[in-house]
Amino acid sequence: MYILLDLDGTLVDTNASKFDDIKFGRDRNFALSDIPILPGALNFVAEIKRRGHSVAIVSDSHTAYVGPVSKRVFETPWLALADKPNTAKLRAFLESEFGFPRHSLPEEFLLVGDTRLDIQLARGLSLPSALIFRGVDDVPHDPYHNEESAWARRYMEGATYTCRSFEDLMRVVESPAKQRLVLEDPIGTAGARLHKGRNRNDGFTLVRGLGRQQQGPCDAYGAIGRYYRFGSEDRDESFLSKVAQDINRYLRLEVLAQNSVRWDMITCVADKATTKPPRKMAKLLHAMDVGLPKEELFKWSQDVTGSIRQEKKRAGRMEFIKRFVSLDSHADLKDKNVIVIDDQYTTGATAMSHVDMLLDAGVRNVLFVALFYLAEEVPIEKTCPRCGKPTRIKYKKRDGAPFYNCVPPDFNGTGCGWMGNITHG
Ligand SMILES: [Zn+2]
């Protein structure tokens, strides 16, 4: 594997402003011993080299600093002034250093960093990425009045893997397929931790995502194709049963195997009478088998008007759901632990309003599992050959196949409507 490591914040702890003069190349008389190396960083780099991987440092900082640190501290090649998230300099560096893309595939790379720019850069070149996020686990405040949790925001940047330590990162390097999201790899077992917080019933509320519904470019594992097929009217039984098996694998290996909570039942968000395909979520629920009772706990009101998509803000979306969705009042949910399945996580409004209804009924722990979570759009450098404006990567509704689009005013763009095939190289 070719491992590309960001420097500041990833390998060295130089985020304080007193390091700015060094990083920007204004102070060139610094001593290497002034640079605080993060605990475990030297070992990690030495160990991946020992295991036969190629390593390089990719940094936005100045050559006069990145050069000596890479060469003398980490003993790696380097790219300084990388201009993240623009892809041109990294593309040229990978070509000269690793023969990319003629002699190496995007999937052989891993770009590791602690910022959104690192992840955007990787996605711009369709390289797998690992976000190093050393943030705290719990959200220490009331999650229901918080627009998004830090976890959800970081995951929505769209990294392939999220790591909290060099130990996590080593697992990715050693067995990447297993560390991928369960809906993105046939042997993946991971879920994205979009939220974890204590709730008002003295239990935990957990929200997990099982695949990225990316916008713009992404590595080969992004799940937008499956997202569209799941919501398509011609999805077939074998597709549905494969998705069900993947969720079973996640729940069995990552949730039910842990004995901290005994889960009592599994349910899904309600399908509207007009949902296409009909009973989209309920059919998935009944195709699953993790040895837990299944209940269809939620119902849409008969006289629902409008659509949640009209509400752009999370508060409006939560209000919409609470007005028209209700919980089956016959179920005894006091002190129960309930898993809920939904197909999409965007603002978190559906997740949190369903969680609220369960907590009102006395449920203690809630695990809300969204099959797909929206990963933010990444800028691309392709311009329109017809009018010269920047294009965007869009996806065909039917199968999620990507194409370039100079987005016209009808679709909230300013372009001419040109569409082009995406070819590599
Ligand atoms: Zn155009």
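Here is a short back-and-forth about a predicted model and the labels attached to its parts.

Me: Why is Trp151 called buried?

Reply: Count the neighbours. Trp151 has 22 C-beta neighbours inside 10 Å, and the cut-off for buried is 20 or more, so Trp151 gets the label. Trp151 sits in helix H6 (residues 150–155).

Me: Which residues is Trp151 in contact with, leaving aside its neighbours within four places in sequence?

Reply: Arg193, Leu194, His195 and Lys196. Gln213 is another matter: its C-alpha is separated from that of Trp151 by 17 Å, with the two positions 62 residues apart along the chain.

Me: What makes Gln310 exposed?

Reply: Gln310 has 9 other C-beta atoms within 10 Å. A residue with 12 or fewer counts as exposed, so Gln310 is exposed. You'll find Gln310 in the loop between E11 and H12. The C-alpha atoms of Gln310 and Phe320 are separated by 9.8 Å, and these residues are 10 apart along the chain.

Me: And why does Arg116 count as partly exposed?

Reply: With 19 C-beta neighbours inside 10 Å, Arg116 falls between the exposed limit of 12 and the buried limit of 20, so partly exposed is the verdict. Arg116 belongs to helix H5. In space, C-alpha to C-alpha, Arg116 is 8.9 Å from Ala159, although 43 residues separate them in sequence.

Me: What makes the phi of Leu81 worth a remark?

Reply: Phi of Leu81 is near 45°, which is positive, and Leu81 isn't a glycine. Most residues other than glycine have a negative phi. Leu81 lies in the loop between E3 and H4. As for burial, Leu81 has 13 other C-beta atoms within 10 Å, so Leu81 is partly exposed.

Me: Where is Ser126, and what is its phi?

Reply: Ser126 is in the loop between helix H5 (116–124) and strand E5 (129–132). Its phi is near 60°, again a positive value in a residue other than glycine. With 19 C-beta neighbours inside 10 Å, Ser126 counts as partly exposed.

Me: How do you know whether the bond from Lys84 to Pro85 is cis or trans?

Reply: Look at omega: it is near 0°, and the bond is cis. Pro85 is in the loop between strand E3 (78–79) and helix H4 (88–98). There is a cis peptide bond between Phe100 and Pro101 too, with omega about 0°. Pro101 is in the loop between H4 and strand E4 (109–113). Most peptide bonds are trans.

Me: How do you know that the length of helix H13 agrees with its residue count?

Reply: H13 (residues 349–360) has 12 residues, and at 1.5 Å a residue they should span 16 Å. The sum uses one less than the number of residues. The end C-alpha atoms are 16 Å apart, so the two values agree. After H13 comes Gly362, with a positive phi near 100°.

Me: Why is H13 called mostly covered?

Reply: Nine of its 12 residues are buried. Among them are Ala349, Met352, His354, Val355 and Leu358. The cover includes strand E8 (204–209), helix H12 (314–324), strand E13 (337–345) and E14.

Me: What makes the crossing of H10 and H11 easy to describe, and what are the values?

Reply: Two packed helices are described by the angle between their axes and the distance between the axes. For H10 (residues 237–256) and H11 (residues 280–287), the axes come within 9 Å and cross at roughly 65°. The contact is made by Leu240, Ser241, Val243 and Ala244 of H10 and Lys283, Leu284 and Ala287 of H11. By class, that gives five nonpolar, one polar and one charged. H10 passes H11 in a right-handed crossing.

Me: Which residues have the most contacts inside the largest nonpolar core?

Reply: Val340, Ile341, Phe368, Val369 and Tyr373, in a core of 58 residues. Strand E14 (residues 365–377) gives the most to this core, 10 residues. Not counting residues up to four places away in sequence, Ile341 touches Ile247, Ile266, Cys268, Met281, Leu284, Leu285 and Val369. Another core, of 46 residues, lies apart from this one and includes Val58, Ala80, Ala82 and Leu111. In soluble globular proteins, nonpolar side chains tend to be buried together.

Terms used: Residues are numbered from 1 along each chain as its sequence is written. This is a predicted model: local features need pLDDT of at least 70, side-chain atom pairs count only at pLDDT 80 or more; totals for chains, interfaces and linings use all residues. Axes are lines fitted to C-alpha atoms, for helices over the stretch in contact, and angles run from 0 to 180 degrees between N-to-C directions. Helices (H or I, at least four residues) and strands (E, at least two) are DSSP runs, numbered from the N terminus. A crossing is left-handed if the near helix is turned anticlockwise from the far one by less than a right angle, and right-handed if clockwise. Two residues are in contact if their C-beta atoms, placed from the backbone, lie within 7 Å. Ala, Val, Leu, Ile, Met, Phe, Trp, Tyr, Cys and Pro count as nonpolar, Asp, Glu, Lys and Arg as charged, and the others, Gly among them, as polar. A nonpolar core is a set of buried Ala, Val, Leu, Ile, Met, Phe, Trp, Tyr and Cys residues joined through C-beta atoms within 7 Å.
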